[in-house]
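Colleague: Before we discuss this model, please show me the sequence and the structure. I should then like to put some questions about its helices, strands and side-chain contacts.

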Amino acid sequence: MSVMVARKKVVRKWEKLPGRNTFCCDGRIMMARQKGIFYLTLFLILGTCALFFAFECRYLAVQLSPAIPVFAAVLFLFAMATLLRTSFSDPGVIPRALPDEAAFIEMEIEATNGTVPQGQRPPPRIKNFQINNQIVKLKYCYTCKIFRPPRASHCSICDNCVERFDHHCPWVGNCVGKRNYRYFYLFILSLSLLTIYIFTFNIVYVALKSLKIGFLNTLKETPGTYPSMSLTVLTVLEVLICFFTLWSVVGLTGFHTFLVALNQTTNEDIKGSWTGKNRVQNPYSHGNIVKNCCEVLCGPLPPSVLDRRGILQQEESTAQEGSCPRGPGTQGPGQAQEGPSVLSPQVPAPSVSDTETPEEKQRTPGELPVPSPDAGRAEH
């Protein structure tokens with residue numbers, strides 16, 4: 001006998017989300033699929049700081065102050081915390097329209113634009129929205145089937161619409177948007193300070209060693225703990241990494257400080273949304289640097305609208321084979337279809353489940369049935 005058992009498989013919403021994202025820890029971590037440069041970022045930060053703590057910090061703590069490694073550790077931990085917070089969080093992805101919502105929006109667009117003659121290009125799908133007495137255009141996204149909110153844009157790498165989209169940063173392995181921009185800014189700011197700190201004390205380390213034993217001897221003895229290592233292989237490596245990182249990271253921090261002061265995004269700055277020919281003023285700016293910085297960096301953080309860990313239940317039916325008792329009045333599985341031809345049409349054929357006794361219904365699959373003593377008596 002074949003028994004159909006319905007089992008419910010718990011499926012999280014992140015497993016069905018469209019777009020090109022990677023999820024870990026049951027949907028708690030959300031990143032882009034291209035994570036190679038993010039791993040390079042981790043390697044450069046961890047490697048440079050490990051060399052600094054292993055060699056220069058011990059010497060500087062004895063010769064100058066024990067606060068040097070402590071302050072370096074605080075900067076390092078803060079930079080790593082903000083990096084991981086930026087990389088592993090939802091940047092502000094906007095859910096795509098459901099089929100019913102998309103159909104309703106299409107009906108609205110057709111009612112507004114009317115029928116377009118064949119061979120003629122349809123008008124752009126744009127809605128006008130007023131913010132602080134300034135007209136802002138809401139553009140239609142053909143991928144997500146929605147009118148994007150103000151300042152939102154579609155990321156071609158992650159294939160998602162992101163609210164207050166700034167840019168896609170491969171160094172953090174994620175988009176930078178409304179929900180993680182402040183952490184991104186704090187990351188590049190703390191990384192700039194950490195880079196300047198390590199670069200400065202590397203120079204101080206070499207200078208102190210040169211005053212004692214000379215510059216050439218310093219090159220031979222560096223890093224000091226391992227005399228067999230000739231020249232300044234590790235120290236020079238640290239200085240080179242910090243030198244080239246210094247210009248890029250510090251310059252990036254200065255650029256984003258300028259954007260925060262104007263309450264503007266990188267995407268808006270590149271497109272020239274508020275500095276075009278018409279000289280349209282930025283409707284999101286408060287006209288005050290302090291107010292703009294407070295809104296961007298200290299304003300309330302909106303919750304994620306994806307509900308990544310929400311539950312979707314799907315029923316799956318699986319068949320289990322079990323043996324059926326064969327008594328004088330019980331039909332086997334192969335004879336169940338021949339019953340209606342023997343019985344009269346007025347009498348319905350009893351189903352297999354009706355002939356089962358309570359003991360048979362409670363037995364586990366694969367257990368041999370125990371025939372009831374009343375079964376033969378009822379047949380006679």
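Modeller: Helices (H or I, at least four residues) and strands (E, at least two) are DSSP runs, numbered from the N terminus. The model is predicted: local features need pLDDT of at least 70 and side-chain atom pairs pLDDT 80 or more, whereas totals for chains, interfaces and linings use all residues. Residues are numbered from 1 along each chain as its sequence is written, and side-chain values use heavy atoms, without hydrogens and water.

Colleague: In which helix is Phe43 found, and is Phe43 buried or exposed?

Modeller: Buried means under 20% relative accessible area, exposed over 50%, and partly exposed in between (1.4 Å probe, protein chains only). Phe43 belongs to helix H1, residues 36-63. Its relative accessible area is 59%, so Phe43 counts as exposed.

Colleague: Which residues form a nonpolar patch on the surface with Phe43?

Modeller: Patch members have over 30% relative accessible area and no salt bridge; like charges are joined within 9 Å, and nonpolar side chains (Val, Leu, Ile, Met, Phe, Trp, Tyr) within 5 Å. Areas follow the Shrake-Rupley method with a 1.4 Å probe, and for residues only the protein chains shown count as cover. The patch has about 480 Å² of accessible area together, and Phe43 shares it with Ile37, Leu40, Leu44 and Trp171.

Colleague: How far apart are the end C-alpha atoms of residues 37-55?

Modeller: The unreviewed UniProt entry annotates residues 37-55, 67-84, 183-208 and 228-250 as "transmembrane region"; such positions are given in the numbering used here, feature names are shortened, and annotations may be inferred rather than shown by experiment. Residues 67-84 are 100% helix, with end C-alpha atoms 26 Å apart. Residues 37-55 are also 100% helix, and their end C-alpha atoms are separated by 27 Å.

Colleague: Which element gives the largest share of the largest nonpolar core?

Modeller: A nonpolar core joins buried Ala, Val, Leu, Ile, Met, Phe, Trp, Tyr and Cys residues through side-chain atoms within 4.5 Å. The largest one has 37 residues, and those touching the most other members include Ile45, Phe52 and Leu83. Two or more residues each come from S3, H1, helix H2 (67-88), helix H4 (181-213) and helix H6 (233-262). The largest share, 13 residues, is given by H4.

Colleague: Which residue stands opposite Met31 of S3?

Modeller: Strands count as paired if DSSP finds at least two bridges between them. Strand S2 (residues 21-24) pairs with S3 in the antiparallel sense over 4 bridges. Ile29 and Met31 point one way from S3 (residues 29-32), Met30 and Ala32 the other way, and all are buried. Opposite Met31 stands Thr22.

Colleague: Why is one side of S4 and of S8 left without a neighbour in the sheet?

Modeller: The open sheet of 3 strands is ordered S4-S9-S8, with antiparallel pairing. Strand S4 (93-94) and strand S8 (153-155) stand at the edges, so one side of each lacks a neighbour because each has a single partner strand.

Colleague: How many residues apart in sequence are the parts that Asp159 and Arg96 tie together?

Modeller: A salt bridge places a side-chain nitrogen of Lys or Arg within 4 Å of a carboxyl oxygen of Asp or Glu. Asp159 and Arg96 form one, with the closest N and O atoms 3.1 Å apart. Asp159 lies in the loop between S8 and S9 and Arg96 in the loop between S4 and helix H3 (99-113), so the parts they tie together are separated in sequence by 63 residues.
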